[in-house]
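Please consider the structure shown below. The explanation that follows turns to its charged side chains and then to one of its strands.

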Protein chains: 2
Amino acid sequence: MAGTDHAKASEWGGPQPVMVLVGAQMGENIGASARAMWNFGLEHMRLVAPRDGWPNPKATAMASGAARVLDAVQVSGDTADALADMTYVMATTARSRDLTKEVLTPERAMERTRALIEQGQKVAVLFGPERAGLENDDIARADALISVPVNPAFGSLNLAQSVLLLAYEWRRQTSNVPAEVTKLAGTDFATGLEAEKLYERMVASLDEVGFFWPEDKAESMRLTLRNMLSRLPMTKADVRTLHGVIRALTKER
Amino acid sequence: MAGTDHAKASEWGGPQPVMVLVGAQMGENIGASARAMWNFGLEHMRLVAPRDGWPNPKATAMASGAARVLDAVQVSGDTADALADMTYVMATTARSRDLTKEVLTPERAMERTRALIEQGQKVAVLFGPERAGLENDDIARADALISVPVNPAFGSLNLAQSVLLLAYEWRRQTSNVPAEVTKLAGTDFATGLEAEKLYERMVASLDEVGFFWPEDKAESMRLTLRNMLSRLPMTKADVRTLHGVIRALTKER
């Protein structure tokens, strides 16, 4: 099923969410995800540590027609790098987890994405590896989670289908939206990189004073801190303030 | 991505549209379509003249987990037979045609389907063979057409993806699930009093180390901190964590 006459190419420009595929295993699935995206006009794909390296001839073959998505793909070694310039991150997940984060339907997720992008924010949607899904560390980076309300007796969306449904919802939500957006005056949200650096500084300072103890709890304490920071919608000014707080509290007496 | 806790099996019953695959060529695509349907609780598939006959082992293998859809499939020699008991037919199409029929988005199509089914009507959605799409004869049987508003520069939904989007829209339209879901179990937001005590502790600790300097800026620095903490949606656990962070950073070396 292809384009209808009422959909004009000129409606398809403007800022978009970035689709980030973490640890994708099969090139075919990366290619199919590119096609799924481009069907609904999404162009910005990032790959984190794709299993078979990059470029991947199987991805290219499968993407035929959506090559422009793969041509522009950005590849990173880890999720933090891929999200460095992002200001809001949503993670797709199949399971309810014990994390205290909002869980959104694709509909609400793309509604929010549209609103955030209209404010000038940079939004990423994270997808995990084909079978396993995202790891807790990556989930912890997200401001909110997305779960497709599938049949409780049978949920088996593959990677490209999950990408397709999000891309479809993005398009559905934005089809009447003017492509040009305006930034809300005065609010300058922190990027993923800025949040990451704040997290690292906090962890380093806390490590120095023996906060992460006992050792077998250290990892989960770090995860809690990361979860907390990722869930708090910080501005650049907030991040500066918190750096100042840490600096003040840790300086020698 | 699988089911979220709030989606109860009991919500999934009741009359549904019938998905009619006309002249499907590859068994894999029939199986994948069955999976797509069952993800969103659709059970009623009909096949018109599948190219490789029926049953088809490749369809069965691909449908794994959604076998109940294939077990109940009805096979007909021609479209007229397949639609004999239907009262309203929609045909999916990629191209605008010279036929004077309404063209609906998936959203409007499933909205109408829901309304018709509530009136006791029997609704079918026709899908054509993988490459060619429906023939004019079959299009002519339809009361209305469905076209997915894909990128005018690139439309390449495969059969199972088209089925998936319609099934998803059916579910979206008929779900009673509140779209914005769940604070997940265990989310217990901090009260104003708890936030205030955290603020006071932070201010006291920072005051001790000479953070609020120069004095004529002190008041606005306090205000910034209070603003920031009040804007961050903290849980009780976040507040405890931040108390722990302050305690650790301020303890005597």
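Across all chains, this predicted model holds 27 salt bridges. As a general matter, side chains of opposite charge can pair when their charged atoms come close. One of these contacts lies within chain A, where the side chains of R172(A) and E107(A) meet with a nitrogen-to-oxygen distance of 3.6 Å. This pair links distant parts of the chain: R172(A) belongs to helix α7 (residues 159–174) of chain A and E107(A) to helix α5 (residues 106–118) of chain A, and the two residues are 65 residues apart.

Are these two partners buried or exposed? Because residues under 20% relative accessible area are classed as buried, R172(A) counts as buried at 17%, and E107(A), with 15%, is buried as well.

E107(A) also forms a salt bridge with R172(B), at 2.8 Å from N to O. Here E107(A) lies in helix α5 of chain A and R172(B) in helix α7 (residues 159–174) of chain B, so the pair joins two chains. R172(B) has a relative accessibility of 18% and therefore counts as buried.

Within chain B, R172(B) meets the side chain of E107(B) in a salt bridge of 3.5 Å, again given from N to O. E107(B) lies in helix α5 (residues 106–118) of chain B and R172(B) in helix α7 of chain B, so this contact ties together parts that are 65 residues apart in sequence. Both E107(B) and R172(B) are buried.

These contacts can be placed in a wider setting. A network of salt bridges links E107(A), R108(A), E111(A), E169(A) and R172(A) with E107(B), E169(B) and R172(B).

The second topic is strand β4 (residues 88–92) of chain A. Why can this strand be called largely enclosed by the rest of the structure? The reason is that five of its five residues are buried. In a regular strand the side chains alternate between the two faces of the sheet. In β4(A), Y88(A), M90(A) and T92(A) point one way, while V89(A) and A91(A) point the other way, and all are buried.

The pairing of β4(A) with other strands completes this part of the picture. With strand β6 (residues 123–127) of chain A, β4(A) pairs in the parallel sense over four bridges, and Y88(A) stands opposite V123(A) in β6(A). Strand β7 (residues 144–146) of chain A also runs parallel to β4(A), and three bridges join the two. In β7(A), L145(A) is the bridge partner of A91(A).

Terms used
Residues are numbered from 1 along each chain as its sequence is written. Chains are lettered from A and ligands numbered from 1 in the order in which they are written. This is a predicted model: local features need pLDDT of at least 70, side-chain atom pairs count only at pLDDT 80 or more; totals for chains, interfaces and linings use all residues. Side-chain values use heavy atoms; hydrogens and water are left out. Buried means under 20% relative accessible area, exposed over 50%, partly exposed in between (1.4 Å probe, protein chains only). Two strands pair if DSSP finds at least two bridges between them. A salt bridge is a side-chain nitrogen of Lys or Arg within 4 Å of a carboxyl oxygen of Asp or Glu.
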